[in-house]
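Trainee: I have not worked with this structure before. Could we go through it by question and answer?

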Amino acid sequence: MSYDLVVIGTGPGGYVCAIRAAQLGLRTAVVEKRATHGGTCLNVGCIPSKALLHASEAFEEATKHFGTLGIEVSGVKLDLKKMMGFKAEGVAGNTKGVEFLLKKNKVDTFHGTARIAGAGRVEVLSEDGGNRMLETKNVVIATGSDVANLPGITVDEKVVVSSTGALELDQVPTKLLVIGAGVIGLELGSVWRRLGAEVTVVEYLDRILPGMDGEVGKQFQRILGKQGMEFRLSTKVTGVEVGKKGASVTVEPAAGGAAETLQADVVLVCIGRVPYTEGLGLENAGVQKDEKGRILVDSHFATNVTGIYAIGDVIAGPMLAHKAEDEGVAVAEILAGQSGHVNYEVIPNVVYTFPEVASVGRTEEELTKAGTAYNVGKFPFTANGRAKANGTTDGFVKVLADAQSDRVLGVHIVGADAGNLIAEVAVAMEFGASSEDIARTCHAHPTLTEAIKEAALAVSKRAIHV
């Protein structure tokens with residue numbers, strides 16, 4: 001079989017790359033090791049976690065908050081098996097959707113483990129032991145990432161679980177200990193806290209959400225603390241011992257000090273992710289990687305080996321599905337002779353808890369480190385009419401704009417529906433908008449989006465409603 005392009009991996013980056021390439025007239029095939037398409041994101045990541053976040057939020061609303069709205073309910077109980085079924089339906093709908101799209105765009109699909117066998121050759125080994133050799137002009141590696149392991153701690157996906165196992169628990173743990181206060185840990189910790197678990201988050205650093213704006217992290221930690229989540233910051237885990245009644249977790253101050261032991265029914269290890277390149281034959285092919293195991297590529301996503309490209313989590317940059325999608329489109333267009341491009345200054349990042357956290361562009365810490373003079377405009381949701389009416393006043397919007405040009409350099413939101421609100425400023429930033437451009441744009445009333453307008457007004461100290 002001879003192709004213009006073979007894409008290894010059908011996660012968001014891979015399948016989008018394949019579809020765009022097919023649209024542009026390239027004869028395209030994909031190789032996927034799973035029985036279903038969609039990669040980590042659709043199968044054991046973004047989609048199932050959001051389904052459980054949605055379902056658990058609805059459960060908490062019914063059990064704790066409906067009364068404040070004048071809605072009296074009784075007999076509300078959790079059917080975890082059915083909730084997991086709801087999650088599974090969402091996963092199946094999405095993975096089948098990708099299968100349909102690949103067929104619609106006439107992309108050939110092969111299931112099995114791919115290995116680059118030489119210049120222009122990809123070997124596919126199926127589960128039944130059979131193999132097939134694909135001839136291709138170009139290869140795009142889009143194999144994504146895997147969970148990072150904590151040295152000395154064995155993940156059994158029963159008591160000590162990764163994010164994958166945390167999506168499949170068959171009962172609500174009485175005590176859940178989360179190692180890592182990043183996005184995944186906070187999201188999955190929120191799910192099980194809402195369903196009744198006591199959740200303690202242990203983080204080696206002195207803050208949650210490393211890499212996000214510092215002020216956002218501090219306020220968000222206070223909000224999660226009010227919800228009942230406990231944090232042990234500047235703390236390292238030195239051991240986990242599994243027994244008949246769960247796990248004993250040994251922790252001590254990150255700077256050194258006396259150790260103590262915490263008890264938990266389930267321990268969730270989520271300290272990050274690492275590029276997945278195992279078994280691809282990169283070493284034999286001569287493909288270069290960096291010190292973190294990421295494939296090195298140039299501005300056109302090309303590796304040092306002619307005809308081999310890479311996108312998504314296996315290369316540098318944020319490990320986000322939408323970043324991988326944009327890279328997939330860009331490399332397909334480049335291979336078709338067009339000018340594919342990704343603007344890495346405008347990649348949104350969202351934490352899907354309640355309230356949500358969303359950001360795009362630079363943080364205050366990054367601007368300070370770069371020596372960039374900037375102005376800040378902030379507006380709290382306590383002063384937003386719709387947020388007050390809905391009773392969702394936690395959080396704020398912060399706009400960072402260049403001190404000279406007024407161009408928006410970053411926007412950070414903590415609040416209800418922040419993941420959707422961030423899209424407005426991402427579009428604005430893509431077109432090089434100033435804070436005044438946003439401030440002078442009419443926003444519907446009453447909406448949460450008015451907080452963005454007010455924060456933009458606050459850059460020049462002329463907010464109206466605060």
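Mentor: Start with a term: a residue is buried when its relative accessible area is under 20%, exposed when it is over 50%, and partly exposed in between. Keep in mind that this is a predicted model.

Trainee: What share of the residues of the chain count as buried?
Mentor: The cut-off for buried is under 20% relative accessible area. Applied to the 466 residues of the chain, it gives a buried share of 50%.

Trainee: How many helices and strands does the chain have, and why is it called as compact as a globular protein of that length?
Mentor: The secondary structure comes to 14 helices and 22 strands. For 466 residues the globule rule gives 23 Å, and the chain is as compact as a globular protein of that length because its radius of gyration is close to that value, at 24 Å.

Trainee: What box do the C-alpha atoms fill, and what area does the chain expose?
Mentor: Along the principal axes, the C-alpha atoms fill a box of roughly 65 × 60 × 50 Å. Carbon and sulfur atoms supply 50% of the exposed area, which is about 21800 Å².

Trainee: Among contacts between residues at least 6 apart in sequence, what share joins residues at least 24 apart?
Mentor: A contact here means heavy atoms within 4.5 Å. Among the contacts between residues at least 6 apart in sequence, the share joining residues at least 24 apart is 61%.

Trainee: How far apart do the centres of the positive and negative side chains lie?
Mentor: The chain has 46 positive side chains and 55 negative ones. The centres of these two sets are separated by 2 Å.

Trainee: Which strands are joined to β1 by bridges?
Mentor: Strand β1 covers residues 2–8, and 6 of its 7 residues are buried, so it is largely enclosed by the rest of the structure. With β6 (residues 131–141) it runs parallel, joined by 6 bridges, and there I8 has I141 as its bridge partner. With β2 (residues 28–32) it also runs parallel, joined by 4 bridges, and V6 stands opposite A29. The strands asked for are β6 and β2.

Trainee: Is N349 buried, exposed or partly exposed, and which residues are in contact with it?
Mentor: N349 belongs to strand β18 (residues 349–351), and its relative accessibility of 22% makes it partly exposed. M212 is 137 residues away from N349 in sequence, yet their C-alpha atoms are 9.0 Å apart. Leaving aside neighbours within four places in sequence, the residues in contact with N349 are M212, L320, V357, A358 and S359.

Trainee: Is E187 buried or exposed, and which residues does it contact?
Mentor: E187 sits in helix α6 (residues 183–194). Its relative accessible area is 4%, so E187 is buried. Leaving aside neighbours within four places in sequence, E187 contacts S49, K50, L53, V350, V351, Y352 and T353.

Trainee: Which elements do the buried residues of α14 pack against?
Mentor: Helix α14 (residues 450–459) is mostly covered, with 9 of its 10 residues buried. Among them are E450, I452 and L457. The elements they pack against are β20, β21, β22, α12 and α13.

Trainee: Which peptide bonds are cis?
Mentor: Most peptide bonds are trans. P355, in the loop between β18 and β19, follows a cis bond with omega near -5 degrees. P446, in the loop between α13 and α14, is also joined by a cis bond, with omega about -5 degrees. The cis bonds are F354 to P355 and H445 to P446.

Trainee: K106 and L209 each have a positive phi; is each one buried or exposed?
Mentor: Most residues other than glycine have a negative phi. K106, in the loop between α4 and β3, has phi near 60 degrees. L209, in the loop between β10 and α7, has phi near 50 degrees. At 70% relative accessibility K106 counts as exposed, whereas L209, at 2%, counts as buried.

Trainee: What phi does K461 take?
Mentor: K461 comes just after α14. Its phi is positive, at about 60 degrees.

Notes: Residues numbered from 1 in each chain as written. Predicted model: local features only at pLDDT ≥ 70, side-chain atom pairs only at ≥ 80, totals over all residues. Heavy atoms only, no water. Helix = DSSP H or I, 4+ residues; strand = E, 2+ residues; numbered from the N terminus. Rg over C-alpha atoms; globule rule 2.2 N^0.38 Å. Buried < 20%, exposed > 50% of the residue type's maximum accessible area, 1.4 Å probe, protein only. Areas by Shrake-Rupley, 256 points an atom, 1.4 Å probe, with all protein chains shown as cover. Lys, Arg positive; Asp, Glu negative; His and termini not counted. Charge placed at Lys NZ, Arg CZ, Asp CG, Glu CD. Pairing = 2+ DSSP bridges.
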